[in-house]
Amino acid sequence: MRRIASLAYHIVRSNIRELEFPYRLTFAVTSRCQAQCIMCNIWQKPVDNELSLEEIERIFRNYRHFSWVNLTGGEPFMRPDFTDIVRVIDKNSPHLYLLNFSTNGYLTDKIVPAVQDILEQTSIPRIMVSVSLDGHSELHDKIRGLPGSWDRSLTTFRRLRELRSRRFSVYLGYTIQEANIGAYDDTVAAVCRELGDVSSDEIHVNIAHNSGHYYSNSLFNGVPDPVTTGKAMDRISRARKRRLFDPVSTLEHRYQKLAQIYMQSGKVPMTCQAAAASCFVDPEGNVYPCSIFTAPIGSLRESDYNLDTVWCSSHRMLTRQLVREGSCPGCWTPCEAYQTILANLLPKGPNIL
C-alpha cells in the first residue's frame with residue numbers, strides 16, 4: 001500500500017503543480033540487439049562503454065524516489081546481468097510500484113526463466129512485459145531483419161502468458177509505421193490462429209518516431225502518414241474493451257485516442273512531463289529529458305552517479321522550459337505520454353505553479 005500510495009501522490013501532485021523531481025525513469029540498459037529493425041539503428045551503436053552493474057547500483061542508491069521504472073534497450077536480455085540489474089533497482093527503490101520492460105522475444109529460453117526469477121526474487125508489486133510483434137509472420141521478420149523472430153516472439157508471449165497473475169501482465173507491442181500501417185487486423189488474426197483467442201487489450205500500440213540519440217534513426221522516412229494513422233488508431237481504439245476499473249486499459253485507451261489528435265496536429269495534445277516528472281537515461285549514463293528530444297541534460301558518471309545533481313542544474317531547468325513551451329520535437333510515445341496523461345487528469349493540468 002505504501003508504494004502505490006507514493007505513486008498516487010506523485011500523480012495527484014503533478015496535476016496541481018510541476019514536479020521538482022522525477023518519479024518515472026526510462027532506462028536503456030544496453031544497445032545490444034540481435035535484430036536489425038528497419039525503424040531503429042540502436043543495434044549499430046557501440047556497446048563497450050555501458051554502465052556496469054556497480055555503477056547502476058550507485059545511481060539507484062543515490063536516488064531512491066522512483067515509483068515507476070521502464071527498462072528498455074536494445075534488447076535488455078542481451079545483458080547477461082539483466083536480472084541482477086532488476087534486483088539492484090528493487091533493493092534500492094523503496095517506493096517502486098511498477099516495473100515494465102520490453103523485449104523482442106527472440107531469446108525465449110533466457111527470457112522466461114529470467115522473468116520467473118524476477119517474480120520470485122523481487123518485491124515489486126506490479127511487473128509488466130511487452131513482447132514486440134509488428135506484423136504477421138513474413139512482415140514481422142522483414143521489419144525486424146531477423147528470420148524466425150515471429151515464431152520466437154509468439155512462443156515467448158505464450159509462455160509468459162502462463163505466468164500471468166494480479167502482479168504480472170504481458171502484452172504484445174505493435175509499432176505502427178509505414179511498413180505495417182494496414183496490417184494490424186491481419187496480425188491479430190494470425191496471432192489468434194496460433195494462440196487461440198487474444199484480445200485487443202493484450203496488444204499495446206505505439207507510433208514509430210525519429211530520435212537521434214536513442215533510435216539513431218534521424219533519416220528514417222517510414223514514420224506513418226498522419227491521416228492514415230489517425231484512422232488506424234481510431235479503429236484499434238474502438239476494438240478495445242473499456243474496463244473502467246482497470247488503470248492500464250484506461251490509460252492505453254486514452255493514449256490511443258489522443259494519438260489521433262497528435263497525428264493530425266503534429267503537436268503534443270497536453271503539456272509534456274519530460275524533464276519534470278520523468279527522464280531518460282542511456283546505456284552510458286547520459287540523462288535526457290526523454291527518448292526523443294536530443295538535448296542532453298548531464299552525465300551521471302560526471303555527477304558522481306547522483307541524479308539530484310543533474311536535476312538541480314540550470315541546464316535541466318532550461319531544458320524543461322523548452323519542453324513546456326513546446327520547443328522540442330514533440331512526440332507521443334508511451335514512454336512520455338503515459339505520465340503526461342496522468343498529469344492532466346484535472347482540467348487545468350500541471351501549469352499551475
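**Figure 1. Salt bridge between Arg13 and Glu20 and its surroundings in the predicted model.** The side chains of Arg13 and Glu20 form a salt bridge with an N to O distance of 2.9 Å. The structure shown here is a predicted model. Arg13 is partly exposed, with a relative accessible area of 23%, and Glu20 is likewise classed as partly exposed, at 35% relative accessibility. Glu20 also meets Arg17 in a salt bridge, here at 3.7 Å from N to O. The relative accessibility of Arg17 is 34%, so this residue counts as partly exposed.

**Figure 2. Salt bridge between Asp117 and Arg87.** In this pair, the closest N and O atoms are 2.2 Å apart. The contact links distant parts of the chain, since Asp117 belongs to helix H4 (residues 108–121) and Arg87 to helix H3 (residues 82–91), with the two positions 30 residues apart in sequence. Arg87 has a relative accessibility of 30% and therefore counts as partly exposed. Elsewhere, salt bridges with shared partners join Arg13, Arg17 and Glu20 into one network. The count of salt bridges in the model comes to 19. Side chains of opposite charge can pair when their charged atoms come close.

**Figure 3. Helix H11 and its buried face.** Helix H11 (residues 314–325) comprises 12 residues and reaches 17 Å from its first C-alpha to its last, close to the expected 16 Å. Arg316, Thr319, Arg320 and Val323 are the buried residues considered here. Viewed down the axis of H11, the buried residues fall within an arc of 105 degrees, and therefore line one face of the helix. An α-helix has 3.6 residues a turn, so residues three or four places apart point the same way. Ser314, Leu318 and Glu325, on the other side of H11, are exposed. The cover over the buried residues of H11 includes helix H10 (307–311). After H11 comes Gly326, which has a positive phi near 80 degrees.

**Figure 4. The largest nonpolar core and the contacts of Leu307.** This core contains 99 residues, and those with the most contacts inside it are Phe27, Phe60, Leu71, Phe101, Leu160, Val287 and Leu307. Helix H9 (residues 247–265) gives the most to the core, contributing seven residues. When neighbours within four places in sequence are left aside, Leu307 is in contact with Pro22, Tyr63, Phe66, Cys279, Val287 and Leu300. Another core, of eight residues, lies apart from the largest one; Cys290, Phe293, Ala295 and Val323 are among its members. In soluble globular proteins, nonpolar side chains tend to be buried together.

**Figure 5. The open sheet and the pairing of E4 with E5.** Nine strands form an open sheet of mixed pairing, in the order E6-E5-E4-E3-E2-E1-E7-E8-E9. Strand E6 (203–207) and strand E9 (298–299) are the edge strands, each paired on one side only. Strand E4 (residues 126–132) and strand E5 (residues 168–176) run parallel and are joined by six bridges. Among the residues of E5, Phe168 is the bridge partner of Ile127. Strands of a sheet pair through backbone hydrogen bonds, either parallel or antiparallel.

**Figure 6. Strand E2, covered on both faces.** All five of the five residues in strand E2 (residues 68–72) are buried. Trp68, Asn70 and Thr72 lie on one side and Val69 and Leu71 on the other, and both faces are covered. In a regular strand the side chains alternate between the two faces of the sheet. E1 pairs with E2 in the parallel sense over five bridges, and Thr26 stands opposite Asn70 in E2. Leu71 of this strand is also one of the residues with the most contacts inside the largest nonpolar core.

**Figure 7. Environment of Thr30.** Thr30 is located in the loop between strand E1 (24–28) and helix H2 (53–62). With a relative accessibility of 0%, Thr30 counts as buried. Not counting residues up to four places away in sequence, Thr30 touches Glu50, Thr72, Gly73, Gly74, Glu75, Pro76, Arg79 and Pro283. Of these contacts, Thr72 is itself buried in strand E2, on the side that also holds Trp68 and Asn70.

Definitions and conventions:
Residues are numbered from 1 along each chain as its sequence is written. This is a predicted model: local features need pLDDT of at least 70, side-chain atom pairs count only at pLDDT 80 or more; totals for chains, interfaces and linings use all residues. Side-chain values use heavy atoms; hydrogens and water are left out. A salt bridge is a side-chain nitrogen of Lys or Arg within 4 Å of a carboxyl oxygen of Asp or Glu. Buried means under 20% relative accessible area, exposed over 50%, partly exposed in between (1.4 Å probe, protein chains only). Helices (H or I, at least four residues) and strands (E, at least two) are DSSP runs, numbered from the N terminus. The expected span of a helix is 1.5 Å times one less than its number of residues. The arc is that of the directions from the helix axis to the C-beta atoms. Contact means heavy atoms within 4.5 Å. A nonpolar core is a set of buried Ala, Val, Leu, Ile, Met, Phe, Trp, Tyr and Cys residues joined through side-chain atoms within 4.5 Å. Two strands pair if DSSP finds at least two bridges between them.
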